[in-house]
Amino acid sequence: MPPTNQVSRKLVFIQSLLGIGAYVAIALPFLRRAHGVKRLLPAQRYLFVANHVSLLDTILLGAICWRSGNYPILTLGDKNVWNASRLKRLLSRHIGFLVERGKLNPHCVLELQFFGRQSQHMNLVVFPEGTRGDGVTVAECQPGIYFIAQAARVPIVPVFIENMHLVSTKTGGFHPVTGFRKVELHFGEPIPPEKYLALPREEFLKLIREKIATARQPQSAAISTAIKTAGVPASHPPPLG
């Protein structure tokens, strides 16, 4: 997506179509449940920070953002990864802000700050680990998220994507059978700007890593009494909690 300072009706329409497609193709077959979505306000802009396992992470998050009304979105992506094929370029064209991975330099920082300021118009999605992990642990966050957050100044929502490694990983193949209805999304409590803007960079990075890792909700009485999806046909939408 080219740099923008406004959101056009055309972009919203295209993202709504992409959201429907992503929901049908990825969320319905693979998502078992999305926890904590009800605390998100469609009128509020957020900076979503999530652990990263597969390129499908972006598509799945986009599907849930569409269903919950938290779109349009703009996702920070690796230019080399998303320009690798025609399909990836097509998918990233209307939702991606692509940068070249590498060491921080003044030009890179300016790009990240510009991306952060797009929170005035769109919800931002960042995978702060900087690369795809194992789906179980959360690696150290890269410093780029600090510059993005300082420019965005919106609530940060930590997200833990659980069991995506059963569907797809960085080095493995696509496993639609073993991953069927296994993925769970956990949206943590939003972190307001006043709680993170004054933090030194290292403390901020530790906070984000900790919040992503602990966003996964334990089983509780509230969850156990909620509608279960075990045995629900794939045509039923995964419940949002």
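# A tour from isoleucine 161

Select isoleucine 161 and show its neighbours: leaving aside residues up to four places away in sequence, isoleucine 161 touches Ala50, Asn51, Asp57, Leu61, Phe127, Gly135, Val183, Glu184 and Leu185. The model on screen is predicted. Isoleucine 161 belongs to strand β6. With a relative accessible area of 0%, isoleucine 161 is buried, since buried means under 20%. Now add serine 54 to the selection and draw a C-alpha to C-alpha distance from isoleucine 161: the two are 10.0 Å apart in space and 107 residues apart in sequence.

**Strand β5 and its partners**

Next, select residues 123-126, which form strand β5. Which residues of β5 are buried on each side? Asn123 and Val125 are buried on one side, and Leu124 and Val126 are buried on the other, leaving both faces of the strand covered.

Add residues 47-50, strand β2, which pairs with β5 in the parallel sense over 3 bridges. Within this pairing, look for phenylalanine 48, which stands opposite valine 125. Then add residues 73-78, strand β3; β3 and β5 also pair in the parallel sense, over 3 bridges. Here leucine 74 stands opposite leucine 124.

**Helix α6**

Move to residues 144-152, helix α6. Why is α6 described as largely enclosed by the rest of the structure? The reason is that 8 of its 9 residues are buried. To see them, select Gly144, Ile145, Tyr146, Phe147, Ile148, Ala149, Ala151 and Ala152. These buried residues pack against several elements, among them β2, β3 and β5. Their other packing partners include α5 (106-117), β6 (156-162) and α7 (201-213). Just after α6 comes arginine 153, with a positive phi near 55 degrees.

Keep Tyr146 and Phe147 shown and add Tyr196 and Phe204: ring pairs link these four residues into a cluster.

**Aromatic pairs**

How many aromatic pairs does the structure hold? There are 9. For one of them, select phenylalanine 30 and phenylalanine 174. Their ring centres are 5.8 Å apart and their planes lie at 80 degrees, so the pair is edge-to-face. Phenylalanine 30 is in helix α1 and phenylalanine 174 is in the loop between β6 and β7 (183-187), so that the pair links distant parts of the chain, 144 residues apart. Is phenylalanine 30 buried or exposed? Phenylalanine 30 is buried, at 7% relative accessible area.

For another pair, return to phenylalanine 48 and add phenylalanine 187. The centres of these two rings are 6.1 Å apart and the planes are at 85 degrees, so this pair is edge-to-face. Phenylalanine 48 lies in strand β2 and phenylalanine 187 in strand β7, so the pair ties together parts that are 139 residues apart in sequence. Phenylalanine 48 is buried, with a relative accessible area of 1%. Phenylalanine 187 also counts as buried, at 1% relative accessibility.

**A patch on the surface**

Finally, turn to the surface and select Phe13, Leu17, Ile20 and Val24. Together these residues make a nonpolar surface patch of about 380 Å². Valine 24 is found in helix α1, residues 9-30. Is valine 24 buried or exposed? Valine 24 counts as exposed because its relative accessibility is 52%, and the cut-off for exposed is over 50%.

How values were computed
Residues are numbered from 1 along each chain as its sequence is written. This is a predicted model: local features need pLDDT of at least 70, side-chain atom pairs count only at pLDDT 80 or more; totals for chains, interfaces and linings use all residues. Side-chain values use heavy atoms; hydrogens and water are left out. Patches are made of residues with over 30% relative accessible area and no salt bridge: like charges are joined within 9 Å, nonpolar side chains (Val, Leu, Ile, Met, Phe, Trp, Tyr) within 5 Å. Accessible areas come from the Shrake-Rupley method with a 1.4 Å probe; for residues, only the protein chains shown count as cover. A salt bridge is a side-chain nitrogen of Lys or Arg within 4 Å of a carboxyl oxygen of Asp or Glu. Helices (H or I, at least four residues) and strands (E, at least two) are DSSP runs, numbered from the N terminus. Buried means under 20% relative accessible area, exposed over 50%, partly exposed in between (1.4 Å probe, protein chains only). Two strands pair if DSSP finds at least two bridges between them. Contact means heavy atoms within 4.5 Å. Rings of Phe, Tyr and Trp (its six-membered ring) pair if their centres lie within 6.5 Å; planes under 30 degrees apart count as stacked, over 60 as edge-to-face and the rest as tilted.
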